Amino acid sequence: MNGTTIGVIAVAVVLIVDVVLLLGLVAMKTVNRRRAQSYKLRRAEYVATLSRCLASPGSNHPIDGRAADDDAFLDAVIDMRNIVTGHEIETLAGIVDGLGLARRQEARLRSRFPLGRRLRAAVSLAEIGDETTATVLIEHLSDREPEIRIQCARGLGRMQHTAAIDAILERLDLEEAWVRARFAQTLVRFGAKATWPLVAYIRVNLRHHDNEGVVEAIRVLGLIGDREVGPTLAGVLRVASDPEVAIATIEALGVVGGPLAIRPLKATFRSTDWRLRAKSATSLANIGDPSINPLLARGLEDANWWVRRNSAAGLASLPGGNEALVRAIGSDDPFARDAAAEALADCGALASAREREEAGLATAEDSLLLSHMSGQVLA
Amino acid sequence: MGEIKRVLVADDSDTVTTVLVTALELEGYEVETAGNGIEAYEKGLIGEYDLVILDQLMPGLLGLEVIDRWREEGRQISTIMLSGVDDDRTVVGSFESGAVDFIRKPFRIPELLARVRQRLQE
Amino acid sequence: MIAEILLWVGYATLAYFIVMQAYMIGLGLRSAVVMRRTHHLERFGRVSEMLSSQTSPPVSIVIPAFNEVAGIVDSVRSMSIVGYPRFEIVVVNDGSTDETLQALVEAFHLERVRVPYRPDIPTSEIRGIYRGHGAVDITVIDKANGGRADALNAGINASRYPYALCTDADVILDSNCLVGAMRRIVEDRQRTIAVGGNIRPLNGSRVQLGHLVEAGVPRKLVPRMQVLEYLRTFLASRPAWSQMEALPLISGAFGVWKRSAVIAVGGFTTGHMGEDMDLTMRLHRYHKDNGIPYRVVYEPSAVIWTEVPETLRVLRRQRIRWHRGLMTAVKDFMPMTFNPKYGKVGMITWAAMFLFEYLAPIVEIVGWITIPLAFLLGALNTTSLVILLALAFGTGLLNSLLALLLDESYGYFNTRADTARLIVIALIENFGLRQLTVAWRIRAIIGGRGTRVWGNMERKGVAHLGVETS
């Protein structure tokens with residue numbers, strides 16, 4: 001076999017592959033074109049029929065049984081579920097139920113291949129939110145495919161199937177970072193029902209080396225917003241050695257802490273780590289007790305920009321805080337002046353001051369603020 | 001009652017438009033649609049609508065901008081803002097611009113119809 | 001004797017060529033696997049999940065603008081409805097000599113504000129900052145002219161949020177692009193410092209009110225060739241690079257950057273003709289040198305559309321500029337090339353950039369000279385010559401077809417006309433058009449006065465592309 005023969009064979013192979021790919025391309029495009037057109041029409045029709053069903057619930061608008069296998073119908077249902085709420089959701093659920101959609105999707109989820117259809121089934125079940133599918137979803141929380149696991153958790157969260165909370169929490173440790181974050185998000189949907197399981201989880205895992213699950217859990221508590229966990233989180237803050245845990249706890253306390261959280265937050269406001277100080281400023285402001293105004297006013301002079309900024313923004317949102325800000329405009333510290341000025345501008349105090357000046361009703365503070373602002377404004 | 005009320009529905013989502021048109025037509029209103037901000041603005045100027053249901057996030061012009069422009073042209077059209085966007089800027093802005101109502105997405109159809117009825121009576 | 005040497009040189013270029021094509025096909029196949037997975041994940045409505053999530057990190061969209069009065073307002077307006085829960089728009093007026101700033105101030109009711117501006121990255125003088133309380137959350141930075149990189153740096157300085165999407169004023173964002181990109185960040189918040197997007201030529205598509213109505217393949221050959229080029233890069237290369245976590249380049253038209261990381265390396269390099277490649281590579285170097293875990297990834301679903309040159313004249317300037325940028329980068333990052341300390345970036349992707357992008361035009365020119373010469377001098381017989389040419393054509397076509405097949409997951413270009421146009425360009429681009437790009441790059445290497453070119457395409461303004469262009 002000499003070089004020429006090899007060359008000829010190589011050329012032949014390449015050209016044959018080319019022809020195959022070319023024909024494949026043309027075929028795919030033709031098929032896709034037809035599919036896309038047909039899909040659009042079917043979907044529009046489904047949307048129209050479903051709209052009629054929702055608008056006049058009593059009357060009968062039959063939907064073809066084949067819709068149960070039709071992706072266009074599924075998309076139409078999901079789309080409508082995201083637009084309407086209330087009784088309409090039940091009507092949609094009834095229609096979906098009548099077509100046996102949930103059972104079909106369950107069967108697809110249980111099959112072993114192909115990935116695309118299984119994933120599609122998981123997403124559909126998550127969106128449809130039919131309680132009878134909860135068992136299958138819990139089963140597949142340990143599916144081999146991470147995206148399917150996530151969609152199952154999501155579905156359980158949407159239907160607030162409490163029995164699944166522990167199963168989901170169990171997985172927090174076992175998952176990779178990105179999956180864990182998504183799992184944690186699904187817990188938010190459960191709302192207050194997830195609160196105490198989360199607290200239990202945090203207590204158990206807090207002293208482990210790997211705290212990432214705990215951080216997510218704390219974040220979720222903050223998002224859920226159940227005030228009863230305030231004392232627990234305050235306790236966590238006292239013993240937390242990992243700064244990431246501390247930061248998450250500080251953030252969550254800003255939401256659920258209430259007045260009891262002020263003490264621990266005052267302590268972290270004096271931390272040597274600027275992130276803790278900055279977050280504490282925001283959280284203290286979120287709690288909303290004006291007794292911390294003097295503390296935040298001192299934060300305006302902090303060495304770190306974020307701390308100053310958060311302190312200023314916090315003061316702007318608290319009753320009586322504006323006075324502290326306006327006083328800070330006369331301070332010696334240029335950074336404090338700037339932080340205060342920005343906060344005042346952002347919250348509209350600047351605009352009101354201008355209006356008052358134009359009406360001839362400017363107060364002393366207004367003049368101070370305006371002269372500061374116009375101090376270095378270029379033409 | 002009176003003559004048939006004319007409503008303009010402006011939203012870039014086909015699904016939302018279909019749902020609204022179906023529900024409103026069943027109530028006996030005459031409904032027209034617009035698929036983007038500019039179309040909404042133009043139709044609002046020349047058409048005689050008793051009520052407009054306006055989405056915020058539309059291509060061309062945002063819902064709030066449409067209302068502002070109508071006002072600049074001296075047109076006062078009864079408008080209900082319908083939006084999935086929930087931030088202060090949009091909600092407060094809607095009322096400041098002169099919208100008579102603000103409905104969040106997702107919405108309840110009976111509630112929307114009740115509000116439409118209410119606004120049309122005013 | 002000479003003929004023998006020529007022949008061996010010719011064979012050497014052939015060997016180079018085979019390795020290059022094998023690399024590209026390998027990348028293409030790997031990208032196919034990656035894209036198949038993400039395609040499933042994309043199609044099934046995960047968008048609403050991310051949109052309603054309260055944990056989506058806020059993003060600052062940074063837009064450098066120089067003399068963009070024709071389309072800046074429409075462009076900003078269309079970007080303001082991109083689908084994402086929390087973001088702000090920061091436009092940097094880079095010392096425009098037209099009414100760019102005034103147009104923005106009027107359209108969005110902006111007011112001059114005095115807010116503290118921290119120059120984390122040094123830039124040219126900031127003349128003013130404008131904010132509005134209207135429907136759109138937009139900040140405009142007015143500064144002295146300093147070039148695109150400088151403007152981006154100023155925008156990054158001024159942005160309030162931890163992530164910055166750096167883009168251009170004449171780009172059309174697909175409504176899911178930000179969600180797609182940020183999903184990659186949320187997956188791995190600690191490590192992900194940058195996400196690149198998928199850029200598609202806008203030419204030939206129908207645009208209305210700053211939004212894409214229907215994608216189309218341009219009739220003119222120059223933009224059409226670029227459609228294929230972009231597909232080969234963005235569909236058949238980058239997904240593979242990203243999966244290896246060795247992405248050497250994030251395109252300037254769409255990059256989501258972690259603000260703190262960009263500031264840590266000093267921002268974009270001003271005066272560089274390839275500032276996006278430069279920043280990406282510097283981020284790699286910085287994090288590897290300091291042992292900081294990180295990753296730079298690419299998201300195929302983060303699609304944006306931009307106008308590409310319609311004429312050879314403008315295309316030539318662009319390609320010369322790109323290659324000059326590449327040359328500077330190759331010089332700057334020579335120590336990383338084939339250096340195992342820099343992992344897959346140093347050993348595979350940057351090495352490949354050096355070998356197959358930087359050296360390619362030289363090798364190709366040598367091949368184009370030596371092989372015909374060898375043929376004429378009788379050292380190469382006709383059969384062999386035909387085989388060589390057929391191989392060159394065949395493998396080039398293979399890469400193009402692979403890219404086109406990968407594109408099928410998006411569902412664009414399905415009409416008969418579009419399909420035909422794509423097949424035609426795949427067949428004929430190797431007969432002249434590609435050779436032109438090689439010639440231009442050689443010109444760039446030679447250097448000199450004619451190569452100090454800066455992009456300045458006639459800007460029609462995105463919203464005015466109401467009719468099909470070519």
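Biologist: Is C:Thr337 buried or exposed?

Modeller: In this predicted model, C:Thr337 lies in the loop between helix H11 (312–332) and helix H12 (343–358) of chain C. Residues under 20% relative accessible area count as buried, and the relative accessibility of C:Thr337 is 11%, so C:Thr337 is buried.

Biologist: Which residues does C:Thr337 touch, not counting residues up to four places away in sequence?

Modeller: A backbone partner can be named beforehand, since a polar atom of the side chain of C:Thr337 lies 3.2 Å from the backbone oxygen of C:Phe333. Once residues up to four places away in sequence are left out, the residues that C:Thr337 touches are C:Gly346, C:Trp350, C:Ala351 and C:Phe354.

Biologist: How many disulfides does a search of the whole structure find over all chains?

Modeller: A disulfide needs two cysteine sulfur atoms within 2.5 Å. For C:Cys166 the nearest cysteine sulfur, that of C:Cys177, is 13 Å away, and C:Cys166 is in no disulfide. Over all chains, the number of disulfides found is zero.

Biologist: Why is the sulfur of C:Cys177 not in a bond with the closest cysteine sulfur?

Modeller: Both cysteines lie out of reach of the surface by the usual cut-off, because C:Cys166 counts as buried at 1% relative accessibility and C:Cys177 is buried with a relative accessible area of 0%. What rules out the bond is the distance, because the closest cysteine sulfur, in C:Cys166, is too far away, at 13 Å.

Biologist: What is the area buried between chain C and chain A?

Modeller: The size of an interface is often given as the accessible area lost when the parts come together. Here the contact takes 44 residues from chain C and 49 residues from chain A. Carbon and sulfur atoms give 60% of the buried area, which comes to about 4500 Å².

Biologist: Which side chains meet in a salt bridge between chain C and chain A?

Modeller: The count between chain C and chain A is one salt bridge. With a distance of 2.7 Å from N to O, the side chains that meet in a salt bridge are those of A:Lys29 and C:Glu408.

Biologist: Which element gives the most to the side of chain C that touches chain A?

Modeller: Across this interface there are also five residue pairs in polar contact. The elements that give two or more residues to the side of chain C include helix H1 (2–43), strand E4 (126–132) and helix H14 (382–407). With 11 residues, the element that gives the most is H14(C).

How values were computed
Residues are numbered from 1 along each chain as its sequence is written. Chains are lettered from A and ligands numbered from 1 in the order in which they are written. This is a predicted model: local features need pLDDT of at least 70, side-chain atom pairs count only at pLDDT 80 or more; totals for chains, interfaces and linings use all residues. Side-chain values use heavy atoms; hydrogens and water are left out. Contact means heavy atoms within 4.5 Å. Buried area is the accessible area (1.4 Å probe) that two parts lose on being put together, summed over both. A salt bridge is a side-chain nitrogen of Lys or Arg within 4 Å of a carboxyl oxygen of Asp or Glu. A polar contact is a pair of N or O atoms within 3.5 Å; within protein, one must be able to donate a hydrogen and the other to accept it, and residues adjacent in sequence count only if both atoms are side-chain atoms. Helices (H or I, at least four residues) and strands (E, at least two) are DSSP runs, numbered from the N terminus. Buried means under 20% relative accessible area, exposed over 50%, partly exposed in between (1.4 Å probe, protein chains only).
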